[in-house]
Amino acid sequence: IIITLVSLFTNGLHTGIDFTGGTLMEVKFNQPVTTQQVQDAINKTHVVVKQTSLLPIAYAQKIADPTATPAASTNGLQEAESNPDLSNTVVQPTENNGFVLRMKHINNDTRQKLLDQFKVINNNQDVQELRFETIGPTIGATLKTNAFKSLAVAALFIILFITYAFRKVPKTLNPWRFGIVAVVSLIHDWI
């Protein structure tokens, strides 16, 4: 348990697209296609502008040339849309020649480029796009905060309910302990 807790606090939780923001795309091919073929098509679409500085792009440009005005696309989300990083795209096969792709936020131009690349590996036949969902990082952060608040409220109500249910036990057994131990064991099972 101690190792798990240390790992949890040092590495954090690996949350999905719903919490971090990103794009989920589900496609279906007319013929059998391998995961490697899909990954290769993504890599052909992949265009990354590597940033050597840890500074935001607009600030780094200003330091490099103080007289230059930053480009209009220096906003973080706009930068991600114009230079999508598809290197960490997760490709999961589904049934009937389908694939689910989880990636960082992309715009419609990149989406169309991906579909064009998929059309090439599908013998120039259109690929059926079953789902395309994009969640911004702000919505994801709000969702994460609300999820943790909901968990805390649920744990509190579990403790209160168990305390109420065991209210007639002798005072030496304190019903509050039952509720707290129940929530601690629930957290233990979750870890």
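Tutor: Buried means under 20% relative accessible area, exposed means over 50%, and partly exposed lies in between. The model discussed here is predicted.

Student: Why is Glu 26 called buried or exposed, whichever applies?

Tutor: Glu 26 has a relative accessibility of 16%. The cut-off for buried is under 20%, so Glu 26 counts as buried.

Student: What makes the pair Glu 26 and Arg 131 a salt bridge?

Tutor: The N to O distance between their side chains is 3.3 Å. The rule asks for a Lys or Arg side-chain nitrogen within 4 Å of an Asp or Glu carboxyl oxygen, so the pair qualifies as a salt bridge. Glu 26 is in strand 1 and Arg 131 in strand 4 (residues 128-135), 105 residues apart.

Student: Why is Arg 131 placed in its accessibility class?

Tutor: Its relative accessible area is 30%. Partly exposed covers values between the 20% and 50% limits, so Arg 131 is partly exposed.

Student: How many salt bridges are there by this rule?

Tutor: The count is three. Another of them joins Glu 129 and Arg 111 at 2.7 Å, N to O. Because Glu 129 lies in strand 4 and Arg 111 in helix 6, this pair ties together parts 18 residues apart in sequence. Asp 126 also forms a salt bridge with Lys 119, with the closest N and O atoms 3.5 Å apart.

Student: How do you know whether Asp 126 is buried or exposed?

Tutor: Asp 126 has a relative accessible area of 57%. Exposed requires over 50%, so Asp 126 is exposed. Its partner Lys 119, at 31%, is partly exposed.

Student: What makes the contact between Thr 23 and Thr 134 a polar contact?

Tutor: Their side chains are joined at 3.4 Å, and the limit for such a pair of N or O atoms is 3.5 Å. Thr 23 is in strand 1 and counts as buried, because its relative accessibility is 0%.

Student: Which residues touch the most other members of the largest nonpolar core?

Tutor: Among them are Val 27, Phe 29 and Leu 114; the core has 18 residues. Helix 6 gives the most to this core, with four residues. Outside its neighbours within four places in sequence, Leu 114 is in contact with residues including Met 25, Ile 42 and Leu 86.

Student: Why is Phe 157 called buried or exposed, whichever applies?

Tutor: The value for Phe 157 is 53% and the limit is over 50%, so Phe 157 counts as exposed. Phe 157 lies in helix 7 and belongs to a nonpolar surface patch with about 670 Å² of accessible area together.

Terms used: Residues numbered from 1 in each chain as written. Predicted model: local features only at pLDDT ≥ 70, side-chain atom pairs only at ≥ 80, totals over all residues. Heavy atoms only, no water. Core = buried A, V, L, I, M, F, W, Y, C linked by side-chain atoms within 4.5 Å. Buried < 20%, exposed > 50% of the residue type's maximum accessible area, 1.4 Å probe, protein only. Helix = DSSP H or I, 4+ residues; strand = E, 2+ residues; numbered from the N terminus. Contact = heavy atoms within 4.5 Å. Polar contact = N/O pair within 3.5 Å; in protein donor to acceptor, adjacent residues only side chain to side chain. Patch = residues over 30% accessible without salt bridge, like charges linked within 9 Å, V, L, I, M, F, W, Y side chains within 5 Å. Areas by Shrake-Rupley, 256 points an atom, 1.4 Å probe, with all protein chains shown as cover.
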